[in-house]
Amino acid sequence: MDFSLTKEQRMIQEMVRDFAEKEIAPKADDIDKEERFPEEVFRKMGELGLMGIPFPEEYGGSGGDTLSYILAVEEIGRVCGSTGLSYAAAVSLGSSPIYHFGTEKQRQEHLIPLASGGSLASFGLTEPNAGSDAGGTRTKAEKRGDRYVINGEKCWITNASYARTVTVTAVTGEDDRGKKKISAFIVPTDAKGLTIRAEYEKMGVKGSNTTELVLEDVEVPEENILGDPEKGFNQFLYTLDGGRISIASLALGIGRAAYEDALKYSNERKQFGKHIGSFQAIQFKLADVAMELELARNMIAKAAWLKDNKKPFKKEAAMAKLFASEAATRACNQSLQIHGGYGYMREYKIERYLRDAKLMEIGEGTSEIQRLVIAREIGCPRQ
Ligand SMILES: Cc1cc2nc3c(=O)[nH]c(=O)nc-3n(C[C@H](O)[C@H](O)[C@H](O)COP(=O)(O)OP(=O)(O)OC[C@H]3O[C@@H](n4cnc5c(N)ncnc54)[C@H](O)[C@@H]3O)c2cc1C
């Protein structure tokens, strides 16, 4: 991708790489081990303008584009998957819907503090019984006068314990064909009736804050509906399309870390009197991983370019997310194999990369759902 970067994009890439290596990498093992959300890192990222890369300056952002933003995600993900996931969720899921669909008042009130790094936001779509099938949402919002009263439950919501607001989806009624109407509501995290718990024990991305939300008669004013109340479903589909590019980039970052470590190790480790990197079996693994990461990089760049140029990008985002996430898991697995027994030990980080990478095949739409999206986009009939 470097061949096509602008001066500004390259500057952001270098700045974030430097920051990630100096400020995040030394803590990444502890963030994982202690399952600690790195609040101080997010404060610094805010000061550097990273929380607002893809938003205009008038809304507290840095006025960059999607490509600049995903380069940042990749560099952060390369050193710490937990921080990378929380970063991508804060920007793509927390702030982006407010930028894309919010009213001017909502942008002023909510986006500016987010983009300028003063606070975080999260996005609550998933429910215990509505995962891939988000249309199965059961959380309800009932209109009472000029307010809505929300009741329901959300699960695995990233960043909510540290967020100022969480945008939750809720059913507000039915359309003419009896289909659920789903709207999105900006809910302050200190709202009465909202309980946020972070008690999950996860396999990876352990330092990313993952929460359960319980909403019991949570009241919000009508003006907190995000964008068009009739289009809540389409709004979150668009939000997820954009988010998928960032998850793909996060996967690329993690895969790159695994690959770089494997390449280095294969030039250091000697067996049978030779560097293991001189064995063709190891070289072929490295060659395959290098090729897949290169391909993922190009697919991600294309999806980002389409988005930035206001062209349809749903199919390309799904392809990039699907390919990059599965390629990252393969890269981590091969890197672990190249490291032998050392790769199985915590000290060598590869097992952390592998645990973190696996989430990329699940979050923001599983691999199976990406294949469904691609199948629909290429014209296969709906089931
Ligand atoms: C760490 C973490 C962070 C997350 N952060 C957020 C967040 O910030 N906000 C949020 O809203 N959600 C979040 N999620 C939820 C995530 O998006 C869901 O886990 C994901 O969409 C899948 O839903 P599910 O887990 O209920 O799986 P299910 O939908 O129950 O799927 C189970 C299996 O069935 C397959 N499957 C389902 N339907 C089909 C089908 N039609 N055809 C073929 N196969 C199918 C799936 O691919 C999967 O393999 C997070 C999840 C995790 C683990």
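## Glutamine 337 in helix α8

In this predicted model, glutamine 337 belongs to helix α8, which covers residues 314-343. Its relative accessibility is 54%, and because a value over 50% marks a residue as exposed, glutamine 337 is placed in that class.

Isoleucine 282 stands 55 residues away from glutamine 337 along the chain, and the C-alpha atoms of the two residues are separated by 9.3 Å.

## Histidine 100 and glutamate 34

Two further positions are partly exposed, one in a helix and one in a loop. Histidine 100 is part of helix α4, residues 81-101. The relative accessible area of histidine 100 is 32%; this residue is therefore partly exposed, since the value falls between the limits of 20% for buried and 50% for exposed. From histidine 100 to glutamine 9 the separation is 91 residues in sequence and 22 Å in space, taken from C-alpha to C-alpha.

Glutamate 34 occupies the loop that joins α1 (7-33) to α2 (39-47). With a relative accessible area of 49%, glutamate 34 is also partly exposed. Its C-alpha atom is 27 Å from that of leucine 125, a residue 91 positions away in sequence.

## The ligand and its surroundings

The ligand takes up the space of the largest pocket. The elements contributing two or more residues to the shell around the ligand are β3 (147-158) and α10 (367-377). Strand β3 provides three residues, the largest share of this shell.

How many residues surround the ligand, and which are the closest? There are 17 residues around the ligand, and the closest are Thr126, Ser132, Trp156, Thr366 and Glu368. By residue class, the shell consists of eight nonpolar, six polar and three charged residues.

## Polar contacts of the ligand

Oxygen atoms of the ligand approach polar atoms of the protein at several residues, among them threonine 366, glutamate 368 and glutamate 364. For threonine 366, a polar side-chain atom lies 2.6 Å from a ligand oxygen. For glutamate 368, the distance from a polar side-chain atom to an oxygen atom of the ligand is 2.7 Å. At glutamate 364 the protein partner is a polar backbone atom, 3.5 Å from an oxygen atom of the ligand.

The ligand taken alone exposes 980 Å², of which the protein buries 66%.

## Positive phi at two loop positions

Most residues other than glycine have a negative phi. Where do asparagine 159 and phenylalanine 272 lie? Asparagine 159 is in the loop between β3 and β4 (163-174), while phenylalanine 272 is in the loop between β8 (270-271) and β9 (274-275).

Asparagine 159 is not a glycine, yet its phi is positive, at about 75°. Phenylalanine 272, likewise a residue other than glycine, has a positive phi near 50°.

Is each of these two residues buried or exposed? The relative accessible area of asparagine 159 is 0%, so asparagine 159 is buried. Phenylalanine 272 has a relative accessible area of 80% and is therefore exposed.

How values were computed. Residues numbered from 1 in each chain as written. Predicted model: local features only at pLDDT ≥ 70, side-chain atom pairs only at ≥ 80, totals over all residues. Heavy atoms only, no water. Helix = DSSP H or I, 4+ residues; strand = E, 2+ residues; numbered from the N terminus. Buried < 20%, exposed > 50% of the residue type's maximum accessible area, 1.4 Å probe, protein only. Near = heavy atom within 4 Å. Polar contact = N/O pair within 3.5 Å; in protein donor to acceptor, adjacent residues only side chain to side chain. Areas by Shrake-Rupley, 256 points an atom, 1.4 Å probe, with all protein chains shown as cover. 1 Å grid on protein atoms, 1.4 Å probe; cavity = no way out; pocket = protein on both sides within 12 Å on 5 of 7 lines; lining within 4 Å. Sits in = over half its atoms within 2 Å of the grid points. Nonpolar A, V, L, I, M, F, W, Y, C, P; charged D, E, K, R; others polar.
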